[in-house]
Amino acid sequence: MKTNTNYRNLQEQYLFKNISDRAEAYLAQHPDQRLLRMGVGDVTRPLPSAICEAMHRAVEELSHAETFRGYGPEEGYLWLRQTIIDNDYAPRNIDLTTDEVFISEGAGSDLGNLSELFAKDNHVAIIEPTYPAYADASIMAGREITFLPCHAENGFVPDLPKRRADIIYLCFPNNPTGTVLTRDELAKWVNYARENRSIIIYDAAYESFITQPNIPHSIYEIEGAKEVAIEVKSYSKSAGFTGVRCGYTVVPKQTGLQPMWLRRQCTKYNGTSYIAQQAALATYTPEGHAGIRANIDFYLTTAHLIKDRLQHMGYEVYGGENAPYIWCRAPHGWNSWTFFDHLLNDCQILCTPGVGFGASGEGFVRFSAFSNRQDCEEALKRIQTLA
Ligand code: MLT
């Protein structure tokens, strides 16, 4: 047996595992302390009642012989795929067919698994800083990567790759910087992909946090994008499904990849749970929608609070307007991990070190607004006392 030696090229630990291990180690040494958690983007507000009721009904159906269900379609139930098209795409004049929408267990898995569709010698371009799974999946597959740095000087908007890229990972609103692309900026990427016969894997997990007008919510709002883009969406952050697990991926037939993804899913994925799909369906009801909107607004208010207060303290901060993350430069020329350690050891605050999202993130940390308000207020008080 030979192992996949590409794994040797990965960082020893996945970013969020590393952070949770450090948090555990701290608590083991300081059992009397409690951490103020502004690290991983995990939701903290309970699910709206309309969504819980939908899951209760689904469980009830599974408990009776007449309404019991076993395996569902690998691509997801038709009623959910049609509802997604009717609500998330048709109002934006985007035409999709139900066989182009694949229900998943969340964006993270598909963002990694999509890598299987492409030959090893494809060249990958990845904006950075960004969600670490794109680079990790590409490294596991043994592909060469060009990183496209985003920093304050370029407004966190990446330049097109200088070396031709076959596969391009984009994430907007961006995790971690909170940057959004205008229609013209996104069109540049679609045009590049069409000219170079590249594929864009577009992570739109934070789409529902966009507040600025005229920002595209889907890459398919850009002409020609259906030829060159796969869009990955999640209910994790929008609807609080980090524990429920449900998302979807759009693979338009014009990309030529839809039959391959269907084939892959039929072999390797037995479908998303019926209960989770019913929960997802309930997010589109008036009550479900109002409940998730209230939660998103709560997190955005928390994000504004963090940003304003840090700015008043003199910190250089970005994001927090169209995303639940605040991107903050470490003070005193500290690097990301030094500031992380200060916050953990001196203030009992857990954040995410910016360098974990890529080299251009060095010298920054990310604060997540998926935090409870009191903890967040307390965290800000403690940061104020830092020398
Ligand atoms: C993050 O904190 O960046 C993400 O929430 C982690 C994830 O979605 O896996």
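This dialogue reads two helices, a ligand site and one loop residue in a predicted model.

User: What should be known before reading the values?

Analyst: The model is predicted, so local features need pLDDT of at least 70 and side-chain atom pairs count only at pLDDT 80 or more, while totals for chains, interfaces and linings use all residues. Residues are numbered from 1 along each chain as its sequence is written, and side-chain values use heavy atoms, with hydrogens and water left out.

User: How is the span of helix α1 checked?

Analyst: Helices are DSSP runs (H or I, at least four residues) and strands are runs of E (at least two), numbered from the N terminus. The expected span is 1.5 Å times one less than the number of residues. Helix α1 covers residues 15-29, so its 15 residues should span 21 Å, and the end C-alpha atoms are indeed 21 Å apart.

User: Which residues of α1 are buried?

Analyst: Buried means under 20% relative accessible area, exposed over 50%, and partly exposed in between (1.4 Å probe, protein chains only). An α-helix has 3.6 residues a turn, so residues three or four places apart point the same way. In α1 the buried residues are L15, F16, N18, I19, A23 and Y26. They fall within an arc of 160 degrees seen down the axis, so they line one face of the helix; the arc is taken from the directions from the helix axis to the C-beta atoms.

User: What do the buried residues of α1 pack against?

Analyst: Contact means heavy atoms within 4.5 Å. The partners are α12 (336-347) and the strands β1 (36-37), β11 (349-350), β12 (352-353) and β13 (364-368).

User: What covers the buried residues of α6?

Analyst: The buried residues there are L186, A187, W189, V190, Y192 and A193. Their cover includes β4 (145-149), β5 (167-171), β6 (199-203) and α7 (225-228). Just after α6, R197 has a positive phi of about 55 degrees.

User: Which residues surround the ligand?

Analyst: A residue is near a molecule if one of its heavy atoms lies within 4 Å of it. Those around the ligand are F16, V40, G41, Y131, N175, Y206, K237, Y325 and R366. Side-chain N or O atoms of K237 and R366 lie 2.2 Å and 2.7 Å from a ligand oxygen atom, respectively.

User: Is E207 buried or exposed?

Analyst: E207, in the loop between β6 and α7, counts as buried because its relative accessibility is 13%. A polar contact is a pair of N or O atoms within 3.5 Å; within protein, one must be able to donate a hydrogen and the other to accept it, and residues adjacent in sequence count only if both atoms are side-chain atoms. The side chain of E207 makes one with the side chain of H217, at 2.6 Å.
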